[in-house]
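Dear colleague,

Here is the structure I promised to hand over, with the sequence alongside. Please have it open while you read the notes that follow.

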Amino acid sequence: MSSSSILRLGVLGSGRGSNLAAIGRAIEESRLAAKLVAVLSDQPGARILDLGQQFGARTECIPSPTPRGRLDAQTEEKFVGVLREENVDLVVLAGFMRIVGPVFLAAYPRRIINVHPSLLPKHRGSNAAAQALAAGDTMTGCTVHYVDEGVDTGEIIAQREVPIQPGDTADSLQARIQAAEHELLPAVIATFARHE
Ligand code: GRF
């Protein structure tokens, strides 16, 4: 990306896309100087694709022959192909229920970030809010980190704490963590947009 051009974002997700909505809002409200150019999913009918369309991004579902877990190299090539066509500078994984591999990582070194609903390195993987409750934690939160070949193992960029309240269920806690994600993720992307 040249120092004068606006950061071009590609967002990948498998679900409802509340983090994409937060990014879109931040752009609309001029809190984030970036352009949402591609929203891609592995899940046909994922709400994140409708949202992407509403924000004016190119949207595509790229299904994988495997139902979950790692993407095969050919499918990764398809994702990367679209991101390259759209000259994406930063790839944001927002609820993308896949493990990205060497094709992605080689195409976007230190340019793929993920948001995760725990204070990493605690509670990697799925159901992080339930994991925090089961561990008896009194504090949890969310993390934005660089993506590497592991699951939620990449270098941490920023975190936000969320206190666990008595009577919290996995759902109530996840909802409060997501509210924190919706502030943290656009703020982190803004640091990329400012070339920090
Ligand atoms: C978020 O909680 C994120 O931390 C996790 O998946 C969830 C995606 O939610 N990786 P949404 O699709 O952005 O609403």
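How many disulfides does the structure hold? The structure, which is a predicted model, holds zero disulfides. Two of the cysteines can be described by their surroundings: Cys61 is partly exposed, with a relative accessible area of 29%, whereas Cys142 is buried, with a relative accessible area of 0%.

Turning to the sheet, seven strands make up an open arrangement in the order 3-2-1-5-7-8-9, and their pairing is mixed. Its edges are formed by strand 3 (58-61) and strand 9 (156-163), each of which pairs on one side only. Averaged over the sheet, and with direction ignored, neighbouring strands are turned by 20 degrees against each other. Within this order, strand 5 (residues 90-93) and strand 7 (residues 112-116) run parallel and are joined by three bridges; one of the residues concerned is Val91, whose bridge partner in strand 7 is Ile112.

Two helices can be placed against these strands. Helix 1 (residues 18-28) lies across strand 1 (7-12), strand 2 (34-41), strand 5 and strand 7, and runs at about 165 degrees to strand 2. Helix 2 (residues 47-54) also packs on the sheet, where it touches strand 1, strand 2 and strand 3, and its direction makes about 150 degrees with that of strand 2.

Helix 3 (residues 73-85) deserves a separate paragraph. With 13 residues at 1.5 Å a residue, helix 3 should span 18 Å, and this agrees with its end C-alpha atoms, which are 18 Å apart. Its buried residues are Thr75, Glu76, Phe79, Val80, Val82 and Leu83; because they cover an arc of only 160 degrees around the axis, they are placed on the same side of helix 3. On the other side of the helix, Gln74, Lys78 and Glu85 are exposed. What, then, covers the buried residues of helix 3? The cover includes strand 1, strand 2, strand 3 and strand 5, together with strand 6 (98-99) and helix 4 (102-107). Just after helix 3, Asn87 takes a positive phi of about 50 degrees, a detail that you may wish to look at when you follow the chain out of this helix.

With kind regards

Note on methods:
Residues numbered from 1 in each chain as written. Predicted model: local features only at pLDDT ≥ 70, side-chain atom pairs only at ≥ 80, totals over all residues. Heavy atoms only, no water. Pairing = 2+ DSSP bridges. Helix = DSSP H or I, 4+ residues; strand = E, 2+ residues; numbered from the N terminus. Axes fitted to C-alpha atoms, helices over the stretch in contact; angles between N-to-C directions. Contact = heavy atoms within 4.5 Å. Expected span 1.5 Å × (residues − 1). Buried < 20%, exposed > 50% of the residue type's maximum accessible area, 1.4 Å probe, protein only. Arc of directions from axis to C-beta. Disulfide = S-S within 2.5 Å.
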